[in-house]
Amino acid sequence: DLEANTVVNAGFADFSSEELARNGVLIGLVDGRMNAAAVDLEPEYIVVSADSSTAYVSLQEANAIATVDLKSKAVTAVRSMGFKDLGAEENAVDLLEDGQYAAKTYSDAVGVYMPDALSLFEVNGTTYLVTANEGDAREWGDYVNEAKETLTADDGTEAEKVRVLDKNCTTVPDADKEYLFGGRSFSIYNAQTMEQVYDSGNDFEVKTANYLPE
């Protein structure tokens, strides 16, 4: 059994919500005020580097990854995963429930990657994270950060009741855009910089429609 003195708490008290939000991390709002990072950030899944020196933790609802130094036993970074441009053809999505597949672009909308599970691999001394971009709303009692909006595709088609982040409940980098839960993809990131080096775009949807059209 673990004894009490073998447990170390590594938290987020040293991180500023305001600074994180400026850098694209999503922070919850309650009555218009940002939650403290130590209260708001929710660790989900963890992977550890091959040399056991560093852990990477998904902060799903914040659309961010935390880096933990396992030697100093401290969280050293919280970085946004960025946002997926749904106006790009390679990221076109089908938001209509009409029994057919017709992907469209939405220049006024982005996907929020929000992975839960992570994996990692190393190539030539560089660690890469692989993320399953699931997406998830947040519910704390009466607090729910989900809204439903009508989105207009670039061809003028309207998609009704699309689940998006409620911007009254969550900080966002650009209030003129709508933020959809999940990336509908998997991605690969440089673990040190959180630069995205690969995303599968809309391959999941396209291949599913091709292979299983019914």
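Visitor: Where is aspartate 94 found?

Guide: The model shown here is a predicted one. In it, two strands flank the residue in question: strand 7 covers 83-85 and strand 8 covers 109-112. Aspartate 94 is found in the loop between strand 7 and strand 8.

Visitor: Which side chain of opposite charge is nearest to aspartate 94, and how far away is it?

Guide: Aspartate 94 is buried, yet it has no salt bridge. A salt bridge requires a side-chain nitrogen of Lys or Arg within 4 Å of a carboxyl oxygen of Asp or Glu. The nearest side chain of opposite charge belongs to arginine 184, at 6.7 Å.

Visitor: Which backbone nitrogen does the side chain of aspartate 94 reach?

Guide: Contacts of aspartate 94, leaving aside neighbours within four places in sequence, include Tyr101, Arg184 and Glu205. The backbone nitrogen asked about is reached by the side chain at 3.0 Å. It belongs to leucine 96.

Visitor: What separation lies between the C-alpha atoms of valine 206 and aspartate 94?

Guide: Valine 206 lies in helix 3, residues 203-211. Valine 206 is partly exposed, with a relative accessible area of 28%. Along the chain, valine 206 and aspartate 94 are 112 residues apart. Their C-alpha atoms are separated by 9.8 Å.

Visitor: Which strands stand at the edges of the open sheet of four strands?

Guide: The sheet has antiparallel pairing, and its strand order is 9-10-16-17. An edge strand has a single partner strand, so one side of it is left without a neighbour in the sheet. The strands at the edges are strand 9 (118-123) and strand 17 (196-199).

Visitor: By what angle are neighbouring strands of this sheet turned against each other on average?

Guide: The strands concerned follow the order 9-10-16-17. With direction ignored, the average turn between neighbouring strands is 20°.

Visitor: How many bridges join strand 10 to strand 16?

Guide: Strand 10, residues 126-132, pairs with strand 9 in the antiparallel sense over six bridges. In that pairing, glutamate 122 stands opposite threonine 127, and serine 119 stands opposite valine 130. Strand 10 and strand 16 (residues 186-190) also run antiparallel, with leucine 129 opposite tyrosine 189. The number of bridges joining strand 10 to strand 16 is five.

Visitor: Which side chains of strand 10 point to one face and are buried?

Guide: In a regular strand the side chains alternate between the two faces of the sheet. Along strand 10, Thr126, Tyr128, Val130 and Ala132 point to one face and are not buried. Those that point to the other face and are buried are Thr127, Leu129 and Thr131.

Visitor: Which residue takes a positive phi in the hairpin of strand 13 and strand 14?

Guide: Strand 13 (residues 146-152) and strand 14 (residues 158-165) pair in the antiparallel sense over six bridges. Glutamate 149 stands opposite valine 162 in this pairing. The hairpin has five residues between the strands, and a positive phi near 95° occurs there in glycine 156.

Visitor: Is methionine 194 buried or exposed?

Guide: Methionine 194 has its place in the loop between strand 16 and strand 17. Its phi is near 60°, a positive value in a residue other than glycine. Because its relative accessibility is 9%, methionine 194 counts as buried.

Visitor: What is the relative accessible area of lysine 73?

Guide: Lysine 73 lies in the loop between strand 5 (64-69) and strand 6 (74-80). Phi of lysine 73 is positive, near 60°. The residue is partly exposed, and its relative accessible area is 45%.

Methods
Residues are numbered from 1 along each chain as its sequence is written. This is a predicted model: local features need pLDDT of at least 70, side-chain atom pairs count only at pLDDT 80 or more; totals for chains, interfaces and linings use all residues. Side-chain values use heavy atoms; hydrogens and water are left out. Two strands pair if DSSP finds at least two bridges between them. Axes are lines fitted to C-alpha atoms, for helices over the stretch in contact, and angles run from 0 to 180 degrees between N-to-C directions. Buried means under 20% relative accessible area, exposed over 50%, partly exposed in between (1.4 Å probe, protein chains only). Lys and Arg count as positive and Asp and Glu as negative; His and the chain ends are not counted. A polar contact is a pair of N or O atoms within 3.5 Å; within protein, one must be able to donate a hydrogen and the other to accept it, and residues adjacent in sequence count only if both atoms are side-chain atoms. Contact means heavy atoms within 4.5 Å.
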